[in-house]
Amino acid sequence: MSVNQQILLKSYPIGAPTENDFSLVETAIPELNAGEVLNRTIYLSLDPYMRGRISNRESYATPVALGSVMVGSTVSQVVKSNNPKFSEGEFVVGSDGWESYGIAKAENLRKLDPKQLPISTALGIAGMPGMTAYFALLDIGKPQPGETVVVSAASGAVGAIVGQIAKIKGCRAIGIVGSDEKCAYVVDELGFDACINRRTQNLNTALKAACPDGIDVYVDHTAGPILEAVLQQINLGARIPLVGLISQYNAKTLPPGPNLMPLLIKRALIKGFLVGDYLGRQAEFIHDISQWLHAGKLKYKEDVVNRLENAPHAFLGLFQGDNFGKLIVRVGDDPTKN
Ligand code: NAP
Ligand code: FER
């Protein structure tokens with residue numbers, strides 16, 4: 001337990017990142033200061049927002065400094081505690097980053113009860129991506145029974161939950177994904193009404209066929225050509241939570257934007273969304289999501305990659321659709337699964 005494996009940011013990529021932008025180092029585990037907690041990382045979350053953190057481009061958050069440990073949410077087990085609120089052996093979710101041991105302040109950790117939900121869900125359906133789906137759809141999308149809800153990256157961490165909550169709310173749910181296998185999953189396993197393969201189908205024709213009554217809510221995870229096609233089919237008063245723009249995260253220069261005229265004609269609402277604005281309402285989200293999970297109304301899929309050294313490669317795959325479900329790295333043993 002004396003060595004800490006860490007993945008550091010080596011360079012700010014221009015365009016698509018490569019594994020050479022990261023380096024793996026081994027360091028000693030530092031001593032704990034008063035009030036701090038030492039955690040052994042079990043799961044590390046890999047998320048598209050990390051592309052923004054390794055870019056010099058202006059964004060809503062400051063980038064990771066070159067030579068620093070990559071940021072990221074983690075599920076860990078406490079190995080040593082200098083804080084009375086946490087004891088050895090407990091499971092916590094925090095932001096320890098891409099490393100096998102992390103030191104955290106107690107206020108940055110939340111305790112997890114493995115008897116309530118599998119601990120890895122704190123990085124996915126019961127964590128930041130789930131909260132994004134819940135508030136972006138319900139607070140901005142305001143789906144009404146009978147309405148049509150479309151979501152892109154629909155088999156992913158956020159999209160899969162958006163579509164399932166839309167169904168719980170009595171809507172038609174239509175997914176857009178990058179493979180036939182993902183399409184089959186969201187329709188057959190998750191209960192979406194229809195799904196479109198963005199790589200093989202004509203988006204305009206397929207959306208017309210899947211949404212005969214038009215589109216009332218579009219949860220946008222991609223921007224680009226998918227947003228452009230969806231805008232052609234929106235209804236009067238449509239709502240568009242703008243949650244992600246993954247189609248342009250690796251762009252060297254920003255692509256020309258979509259034609260926004262349908263927004264004006266349809267008096268549609270398009271609103272930017274940042275999950276951090278909803279931290280004060282986390283309890284409401286955890287309450288509903290836990291109830292739906294325990295009632296069997298929600299399913300989730302995790303794409304688990306083994307070992308910290310594989311994190312850079314897995315992260316790059318997010319921008320090519322290689323992940324199928326919430327992408328997580330298993331950094332260490334999960335004792336709740338033994
Ligand atoms: P995810 O869907 O699990 O993984 C990313 C997926 O994006 C890929 O699997 C791929 O799915 C799709 N994709 C990749 N490149 C694409 C492209 N060029 N065009 C269209 N689709 C592409 O990721 P997630 O964690 O759920 O995040 C989804 C989106 O939500 C991201 O844009 C993320 O930044 C955003 N987000 C925003 C907030 C916020 O607070 N605003 C919070 C969380 C997440 P397919 O193979 O199916 O196309
Ligand atoms: C994302 C994940 C989180 C993202 C934004 C956030 C635009 C926002 C976090 C915050 O509230 O600070 O993928 O993409």
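**Opening exercise.** Which backbone N or O atom lies 2.7 Å from a nitrogen atom of ligand 1?

*Solution.* That atom belongs to Phe273.

*Ground rules.* This is a predicted model: local features need pLDDT of at least 70, side-chain atom pairs count only at pLDDT 80 or more, and totals for chains, interfaces and linings use all residues. Residues are numbered from 1 along each chain as its sequence is written, chains are lettered from A and ligands numbered from 1 in the order in which they are written, and side-chain values use heavy atoms, with hydrogens and water left out.

**Exercise 1.** Describe the surroundings of ligand 1.

*Solution.*
Step 1. Find the neighbours. A residue is near a molecule if one of its heavy atoms lies within 4 Å of it. There are 27 residues around ligand 1, and Arg198, Tyr249, Phe273, Val275 and Asn323 come nearest.
Step 2. Sort them. Ala, Val, Leu, Ile, Met, Phe, Trp, Tyr, Cys and Pro count as nonpolar, Asp, Glu, Lys and Arg as charged, and the others, Gly among them, as polar. The shell of ligand 1 holds 15 nonpolar, 10 polar and two charged residues.
Step 3. Check the oxygen atoms. The side chain of Tyr249 has an N or O atom 2.6 Å from an oxygen atom of ligand 1. For His221, a polar backbone atom is 3.0 Å from an oxygen atom of ligand 1.
Step 4. Check the cover. On its own, ligand 1 has 920 Å² of accessible area (Shrake-Rupley method, 1.4 Å probe). The protein covers 91% of that.

**Exercise 2.** Do the same for ligand 2.

*Solution.*
Step 1. Tyr49, Tyr60, Met128, Val243, Tyr249, Leu274, Val275 and Gly276 surround ligand 2.
Step 2. Seven of these shell residues are nonpolar, one is polar and none is charged.
Step 3. Oxygen atoms of ligand 2 meet the backbone. The distance is 2.5 Å to a backbone N or O atom of Gly276, 3.4 Å to one of Val275 and 3.5 Å to a polar backbone atom of Tyr49.
Step 4. Ligand 2 taken alone exposes 370 Å², and the protein buries 76% of that.

**Exercise 3.** How many disulfides does the structure hold?

*Solution.*
Step 1. Recall the bond. A disulfide is a covalent bond between the sulfur atoms of two cysteines. The cut-off here is a pair of cysteine sulfur atoms within 2.5 Å.
Step 2. Count. The structure holds zero.
Step 3. Take Cys211 as a case. The nearest cysteine sulfur is that of Cys195, 11 Å away.
Step 4. Test for burial (buried means under 20% relative accessible area, exposed over 50%, partly exposed in between; 1.4 Å probe, protein chains only). Cys211 is at 3%, so this residue counts as buried. Cys195 is at 15%, so Cys195 is buried too.

**Exercise 4.** Place Gly224 and Glu36: is each buried or partly exposed?

*Solution.*
Step 1. Locate them. Helices (H or I, at least four residues) and strands (E, at least two) are DSSP runs, numbered from the N terminus. Gly224 lies in helix H6, residues 224-231. Glu36 belongs to strand S3, residues 36-45.
Step 2. Read the accessibility. Gly224 has 22%, so Gly224 is partly exposed. Glu36 has 12%, so Glu36 is buried.
Step 3. Compare sequence with space. Gly224 and Ala166 are 58 residues apart along the chain, and their C-alpha atoms are separated by 23 Å. Glu36 and Ser2 are 34 residues apart in sequence and 18 Å apart, C-alpha to C-alpha.

Key. A polar contact is a pair of N or O atoms within 3.5 Å; within protein, one must be able to donate a hydrogen and the other to accept it, and residues adjacent in sequence count only if both atoms are side-chain atoms.
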